[in-house]
Every structure is written in structure tokens, then in C-alpha cells.
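Welcome! Have the structure open beside you and let this briefing guide you from one feature to the next.

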Amino acid sequence: MNSYRVVNSLAVGLLVMVFNASAWAFSSVSRDFNALIELADIVLAGTVSASQSKWRDPVEKSFIETYVTLSELEVYKGQVQSETYELRLAGGVIPPYSMRISGSPKLNLSQRYVLFIKDNKQAIFPFVGVHDGIFIVQPQASGGAIMKTLSGDVVIGVIDNSVSKIPANSRSLAENAGMSFTAFRQLIRQRLQDASLDTDKNEKVVP
Amino acid sequence: MKKRLLFFVPLFLLPWGKASAFAFFVFSANDLVVSDSGIPVIWPQQQVAFSIGVNQQPFKQDILDALTAWNNTGANIELIEGQSGSTPCAEGDGFNAIGLTLSICGNSWGDALGLTVVQAVIAGEESYISEVDVLVRSFSSEPTNSWAVPGDPEIRENRSCYTNNQGGITCDFPRVVLHELGHAIGLNHPDEVGQNVSAVMNSGSAQADMPRRLSVDDIAGAQAIYTSDRQLVDGTAGLAAKDGHQSSNNDYGGGGMDINMLSLMLILLLLFENRRTRLKMPVNT
């Protein structure tokens, strides 16, 4: 075997192949917990049951969108008429084409999320604060589930409207320190109820 | 044999010895993806011109200042203002453009503020950026939302966005432009590959508390990917002592150590081949 020849052959082979590729990257507004509650049109927990990328214009083929179907819905705010809910996110892959948006939120199949949704099927990413409005419901081996941010940090609570989190690999992360899905859901409902009461108060003030 | 080793030894040694962390675009599986190790996809030329489709002040000056900030990093790249005329949504027209837009080519902005589209050409071992379009959100149709004006007290407190007295948001235009232009030269989000660093190039809320200037990590990233020669870069080299950093392995493929190991294996393979050849020589002669 002549490894030099093998390496050379590989290099020459690679030189023959030519590709065009594009990538998108973006920056976004950061939102606190109250803003997530207040600005969302819909707040729900749902499990990703399907995901399909499509060309926005099948003839022009310049922009790919991904349709994500959520099932096993638990709706906390807003109206969802059917048993599933469809989200539209910019970007996706239609082999051999791809339109990847760096830093864009990705929802994985079979994963359960709590989502704060706004302007679905209008906005490039229909989540309040983009990443801020997405939480992972992470099942635990011991039963139950804890909440994680989209980047994988463990949510340990909400203090002063700020979501407190610690890196999943942090040494300071004590077992069972993560906020439970039950507690998180309860907090959302409580904040929604508080917001509703506030609205009632304001309405009474107006003559 | 020496020539073969000289080819691989730099691959093996170069990733160590840097002091900061960053991420960049690499080419993998026919795609441009974010990574903190590998050969960065960068501009092939030293000078890159942008059509700036923004004439209002202070926005135009903020864009020029952001170009200058990246030019002052010491990296071997220069961003300049070029001919006007191209629009940021005209992807694939060969012109680099920066513009304020009310929508993202048909979508509403939602909570996004800026977006950069990077196009690259990959030809065998060579991959380089061929066109960049930077879109920054225009708030002109949204009276409650706005970009901050110079001297805004909230911005002085290093907040990228805050709730204004009309209940909308006010955001930091210079920081968004600085961030997007980082993408325009090939840098990417360090937090997206598990790095925990202070950088304007972090994504979303991870950069919310950053001042509107490039950090040590941002500058190191620009310098590392724009050295005089195209080479393998490891954006995690300075992270060993930093808290919260995981292995550089990520969803986008192998990390720096994998590539180092590959180089090491190739060296060992060539050494073995060389030794075997030498052992055979007396027999042949």
C-alpha cells in the first residue's frame, strides 16, 4: 500500500467536485419570562410528531421552509382548534438542496417542548424572543420531567422574570435541581392568571 | 519521507497555542455549518466591498464604524464600502449588500433583528465565501419599536434591547451590525458549539449583556481564520481553563481533537510505511 498515493488520489478526487452552499445567521431580541407570557399568541406544550421541508415557491426554488407538526397538545394560552398544531420555520433541507440558518431554533422529532408562539406562518421564526420562547421537556429516568432551555441549560427557576439556568454539565448542578415540568406549567398558568387579573383591574379603572 | 511528514506535522501542531475561543463556518457534508474546528470558509481576497443601502444617519455611520471595527482586529481582511445598487434580498447576484428591510424577503421579522446570508463556493479542498448579504430590521412601520439613538442611557448599561416607554422594544443597532458583519467575514456563534465565552458573536440572548464592541474572543476569531495562509483552526484552544466548556464535539461533526487524532494516525501510518520500506531495502538490494 502506498499511503502517499492514496492521500494524493483523495485530494485529486476532492478537487474535481464543486459545490455551492449558502448559510444564514441572525441575531434576535432577548425576552424575559413576563414578555414570553404577554407577547405570545399561543402558549402550549406539544410533542414533535412530524417535520417536512418544502420550497416556498416550488418553481423559483430559492427559499426553504420547514413545517413542524406538534401533537399531544396542552394549550395554556390562545386557541388551537385541532388535535395537532403546525409551525412554520424558515430553513430546512430538501436533498440535495439545503438552506441552513445558523443559530436558528431546531425542533427535534419526538421531543416535547413548551413553546411561546407568536406570528406563526408570518414570522421567520414564530417564537417570542426566538430561542427564549422554546423550552425542552426532558424526561428523567427517575420519572417526571425537568425543563431545559433550547441550548440544553437546565432551568432551575424563574426569579424576577428572568429564567435562571445552569449549564447541564455544571459541577454545581445537584441532582434533581432542575425545575419540574409540573412546576413550570403551574408557573405559566399562575402568570397568565395574574396577567388576566391585571387586565381586569385596568379595565375597571377605565371609565 | 520528510516532505510527507512536513505536510502533516503542521496539521497536528497548529490547533494548539491560541488563547481564545470562537466559532466559524466550515464545509461539511455538502453544507456550510458552524464549527469550532476545521478549515474555515473565508473570503479568498483581502479586500471585500459592500453596497450599503442605508443613507440615514446615524445608521450609515454605525455601519461604517462596524466595518472599521472588524478592519482593526489585525486580521488579514479589509471590509470597505463599495458601489451601491444591490439589494440584500437579491441573493446570488454577486454583490455584497447591507440594508435595512421591513421584512425578510417575504417573512416578517418576528423577534429577529438582523440576518446574514453567506454564500460559498466549494471546489475540492478549496472553499471560500463568494457573496454576503446583510439584512437589518427596519422599525419604520412599527412606531412602538425603535433603534436606540446615540447616548441612550439604557444602551450605555450594555443592554442590547429594552422595553421602551411606549411598551415596544428599543435595540442596539451598532451591536447588531457588528454581529452580522462578523458572520460576513465567516465567524459564527461560539455558544452554538457549546462554548461559554463573552463575545458579540454569541447568538440571541447570549450576547445581550455584551458591550457594543468586539471582545477578545471575537478579535481572536477574526485573526485566527484570516492568517496569511489557509489552515486548520481550532477555536476551542483557549477554553481548557474556562468554566462550562464541553468537548468540541458537536452535532456538526468531529471536534478539534478528532482532526488532531486523524493527523497523528496519518503520521504514524507514514512512519510505519517508511520503516517497512527501509526494512525491505536490504532484501531488495
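Let's begin with a pair of neighbouring strands: in chain A, strand 10 (residues 154-159) and strand 11 (residues 162-166) pair in the antiparallel sense over 5 bridges. Keep in mind as you look around that this is a predicted model. The bullets below begin with that hairpin, then turn to each chain and to the aromatic rings.

**The hairpin in chain A**
- Find G157(A) and look across to strand 11 of chain A: the residue standing opposite is S164(A).
- The hairpin made by strand 10 and strand 11 of chain A has 2 residues between the strands.
- In this hairpin, D160(A) takes a positive phi near 50 degrees.

**Chain A as a whole**
- Chain A contains 3 helices and 11 strands.
- Reading from the N terminus, you meet the elements of chain A in the order α-β-α-β-β-β-β-β-β-β-β-β-β-α.
- Of the 207 residues in chain A, 46% are buried.
- Take the contacts in chain A between residues at least 6 apart in sequence: 58% of them join residues at least 24 apart.
- Chain A has an accessible surface of about 10900 Å², and carbon and sulfur atoms account for 51% of that surface.
- For a residue to visit on a helix, try Q190(A), which lies in helix 3 (residues 181-205) of chain A.
- Is Q190(A) buried, partly exposed or exposed? With a relative accessible area of 40%, Q190(A) is partly exposed, because that value falls between the 20% and 50% cut-offs.
- Q190(A) and A141(A) are 49 residues apart along the chain, and 28 Å separates their C-alpha atoms.

**Aromatic rings and charges**
- How many aromatic pairs does a search of the whole structure find? Over all chains, the search finds 8 aromatic pairs.
- One of them joins F33(A) and F116(A): the ring centres are 6.1 Å apart and the planes meet at 75 degrees, so this pair is edge-to-face.
- That pair links distant parts of the chain, since F33(A) belongs to helix 2 (residues 33-39) of chain A and F116(A) to strand 7 (residues 112-117) of chain A, 83 residues apart.
- F33(A) is buried, with 0% relative accessibility, and F116(A) is buried too, with a relative accessible area of 0%.
- Over in chain B, F139(B) and W147(B) form a tilted aromatic pair, with 5.1 Å from centre to centre and 50 degrees between the planes.
- F139(B) counts as buried at a relative accessible area of 6%, and W147(B) counts as buried at 9%.
- Back in chain A, one aromatic cluster is formed by F33(A), F116(A), F135(A) and F184(A).
- Two charged side chains also sit over rings: the charged end of K54(A) is 4.8 Å from the centre of the Y67(A) ring, and the charged end of R56(A) is 4.1 Å from the centre of the F63(A) ring.

**Chain B as a whole**
- Chain B contains 6 helices and 13 strands.
- Of the 285 residues in chain B, 51% are buried.
- Among the contacts in chain B between residues at least 6 apart in sequence, 67% join residues at least 24 apart.
- About 12600 Å² of chain B is exposed, with 54% of that area supplied by carbon and sulfur atoms.

**A buried helix in chain B**
- Helix 4 (residues 173-184) of chain B has 12 residues.
- From its first C-alpha to its last, helix 4 of chain B reaches 16 Å, close to the 16 Å expected at 1.5 Å a residue.
- Why is helix 4 of chain B described as largely enclosed by the rest of the structure? The reason is that 12 of its 12 residues are buried.
- The buried residues of this helix include F173(B), R175(B), H179(B), E180(B) and H183(B).
- Just after helix 4 of chain B, look for G186(B), which takes a positive phi of about 115 degrees.

**A small sheet to trace in chain B**
- Chain B has an open sheet of 3 strands in the order 9-11-10, with mixed pairing.
- Its edge strands are strand 9 (146-147) and strand 10 (161-163) of chain B, each pairing on one side only.
- Strand 10 of chain B pairs with strand 11 (residues 169-171) of chain B in the antiparallel sense, over 3 bridges.
- Y162(B) has T170(B), in strand 11 of chain B, as its bridge partner.

Methods:
Residues are numbered from 1 along each chain as its sequence is written. Chains are lettered from A and ligands numbered from 1 in the order in which they are written. This is a predicted model: local features need pLDDT of at least 70, side-chain atom pairs count only at pLDDT 80 or more; totals for chains, interfaces and linings use all residues. Side-chain values use heavy atoms; hydrogens and water are left out. Helices (H or I, at least four residues) and strands (E, at least two) are DSSP runs, numbered from the N terminus. Buried means under 20% relative accessible area, exposed over 50%, partly exposed in between (1.4 Å probe, protein chains only). Contact means heavy atoms within 4.5 Å. Accessible areas come from the Shrake-Rupley method with a 1.4 Å probe; for residues, only the protein chains shown count as cover. Two strands pair if DSSP finds at least two bridges between them. The expected span of a helix is 1.5 Å times one less than its number of residues. Rings of Phe, Tyr and Trp (its six-membered ring) pair if their centres lie within 6.5 Å; planes under 30 degrees apart count as stacked, over 60 as edge-to-face and the rest as tilted. A charge sits over a ring if NZ of Lys or CZ of Arg is within 6 Å of the ring centre and within 35 degrees of the ring normal.
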